[in-house]
Amino acid sequence: MPVHRVVHRKSRVFNRKGDSHPQGLWISALVAGPQRATIVTRCARVAVPCTTAELQNCRCDRLGRRYSKVATVAFSTGQSPTVRRLHAYIDEAGVRSHSKASSDHFVMTAVVVADQDLPSAAQFLTQLRIDLGRGPADPLHWVALKKHEQRVHAAKSLGNQEWATISNVIVCKRRLNGKLPESQFYLYTFRYLLERLSWIARDSHSILSYTLAHITRPQMTLSELRQYEAALRAQSTQIAWGALDPKGGKIDQPKRIEMLQCADLAASATFGAFNLDRFGNTEPRYLQELAARLYRRGAAPITSYGMKLHPCDASTKAAYPWVAAL
């Protein structure tokens with residue numbers, strides 16, 4: 001058999017009691033297509049099936065069970081398979097302060113993209129700039145899209161990108177009733193979002209890194225982010241730390257990290273569905289165009305995942321019944 005490049009999906013270890021192979025194999029889920037390896041060993045090279053017929057002859061059952069016609073093992077190195085990587089890009093919309101003049105809502109949004117899909121994401125932004133009449137180096141900011149039709153097109157275009165997964169935390173500030181001090185407001189919102197990002201990575205057997213758009217008013221430094229990450233690790237949270245990059249998050253500018261522009265579009269589109277304009281109206285269509293990309297976990301309510309409401313009590317959910325229908 002010829003040797004092919006390995007495409008790793010979901011791995012399990014076959015080197016436990018009862019296995020029929022002496023080397024111990026990392027077995028990936030079978031994929032339906034020729035030229036795509038399904039077997040990853042702890043070896044330097046592996047000969048794998050290269051035709052659809054040969055793939056169908058291979059069988060990977062549950063952990064520890066027998067398998068037939070597996071690939072030939074070459075040189076043992078003890079190397080484990082490559083881990084799938086995800087990237088989350090985070091931005092916000094609305095004002096964090098609790099003054100009477102500030103917005104009634106604050107939205108923090110992450111757009112998640114797999115490492116192998118980054119070229120497609122970059123191509124999407126290039127095409128969207130062309131559609132909106134922007135220059136190749138022009139950042140895409142929601143506030144700069146003055147016309148309703150431009151905003152609809154931006155939201156709809158992002159909503160059609162299958163590589164994107166979007167998770168939002170929407171803080172209904174007037175319903176907090178002073179329960180959350182303003183000094184902790186941003187960080188507590190970020191904690192909720194980080195929990196959900198870690199679940200996305202954990203459930204897909206991936207490692208996720210995240211980048212926040214540069215935070216101002218007040219400015220948050222990278223050292224402060226590290227301090228907060230350390231504080232979270234010391235607390236009892238629902239964050240799946242094993243699914244997050246141990247190096248911690250980054251802070252950068254949308255003009256330098258263009259995928260942060262996707263987060264800006266998604267956060268602002270979501271904000272428009274909640275916050276009243278000066279005429280007392282909201283614009284839900286932008287968010288509706290993004291609905292297909294919202295993070296969903298089985299049959300669980302979307303208000304626990306892609307559209308986390310805070311506070312999460314019954315009265316808040318009752319005030320926004322349309323969210324559960326997204």
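**A walk through the model, starting at Tyr210**

Let's begin with one side chain and its neighbours: leaving aside residues up to four places away in sequence, Tyr210 touches Ala88, Ile90, Phe190, Leu194, Glu229, Gly248, Gly249 and Lys250. Tyr210 sits in strand E9, which covers residues 206-213. With a relative accessibility of 3%, Tyr210 counts as buried. One of its partners, Lys250, is 40 residues away along the chain, yet the two C-alpha atoms are separated by 6.4 Å.

Before going further, keep in mind that this is a predicted model. Its mean pLDDT is 79, and 72% of the residues reach 70 or more. The part to treat with care is residues 1-79, where pLDDT stays under 50. The model does have 138 contacts beyond four places in sequence for that stretch. Still, where pLDDT is low, the predicted coordinates should not be read in detail.

Now step back to the whole chain. The protein has 326 residues, and 47% of them count as buried. Its secondary structure adds up to eight helices and 11 strands. If you take the contacts between residues at least 6 apart in sequence, 72% of them join residues at least 24 apart. On the outside, the accessible surface comes to about 16,800 Å², and carbon and sulfur atoms account for 50% of that.

Back to the strands, and to Asp252. Asp252 lies in strand E10, residues 250-252. Beyond its neighbours up to four places away in sequence, Asp252 touches Thr211, Leu212, Ala213, His214, Ile257 and Leu260. Is Asp252 buried or exposed? It has a relative accessible area of 15%, so it falls under the 20% cut-off and counts as buried. Asp252 also has a charged partner: it forms a salt bridge with Arg256, with the closest N and O atoms 2.6 Å apart. Arg256 itself counts as exposed, at 60% relative accessibility, whereas Asp252 is buried.

Leu260, one of the residues that Asp252 touches, brings us to helix H6, which runs over residues 259-274. H6 has 16 residues and reaches 24 Å from its first C-alpha to its last, close to the 22 Å expected at 1.5 Å a residue. Why can H6 be called largely enclosed by the rest of the structure? Because 16 of its 16 residues are buried.

The Asp252 pair belongs with the charged pairs, so what about the others? In general, side chains of opposite charge can pair when their charged atoms come close. The structure holds 10 salt bridges. In one of them, the side chains of Asp104 and Arg174 meet with an N to O distance of 2.6 Å. This pair links distant parts of the chain, with its members 70 residues apart. Asp104 is in the loop between strand E6 (84-94) and strand E7 (105-114), while Arg174 is in the loop between strand E8 (165-172) and helix H4 (182-203). Asp104 is partly exposed, with a relative accessible area of 31%, and Arg174 is partly exposed too, at 37%.

A salt bridge within a helix comes next. Arg285 forms a salt bridge with Glu289, and their closest N and O atoms are 3.2 Å apart. The two residues are four apart in helix H7 (residues 285-290), so about one helical turn separates them. An α-helix has 3.6 residues a turn, so residues three or four places apart point the same way. Arg285 counts as partly exposed, at 36% relative accessibility. Elsewhere, Arg191, Glu195 and Arg196 are joined into one network by salt bridges that share partners.

Past H7 the chain enters the loop that leads to strand E11 (307-310), and Pro301 has its place there. Pro301 is partly exposed, with a relative accessible area of 49%. Pro301 and Val323 are 22 residues apart in sequence, and their C-alpha atoms are 9.7 Å apart in space.

Finally, the cysteines. How many disulfides does a search of the whole structure find? It finds zero. As for surroundings, Cys172 counts as buried, at 1% relative accessibility, whereas Cys312 counts as partly exposed, at 43%.

Conventions
Residues numbered from 1 in each chain as written. Predicted model: local features only at pLDDT ≥ 70, side-chain atom pairs only at ≥ 80, totals over all residues. Heavy atoms only, no water. Buried < 20%, exposed > 50% of the residue type's maximum accessible area, 1.4 Å probe, protein only. Contact = heavy atoms within 4.5 Å. Areas by Shrake-Rupley, 256 points an atom, 1.4 Å probe, with all protein chains shown as cover. Expected span 1.5 Å × (residues − 1). Disulfide = S-S within 2.5 Å. pLDDT = per-residue confidence, 0-100. Salt bridge = Lys/Arg side-chain N within 4 Å of Asp/Glu carboxyl O.
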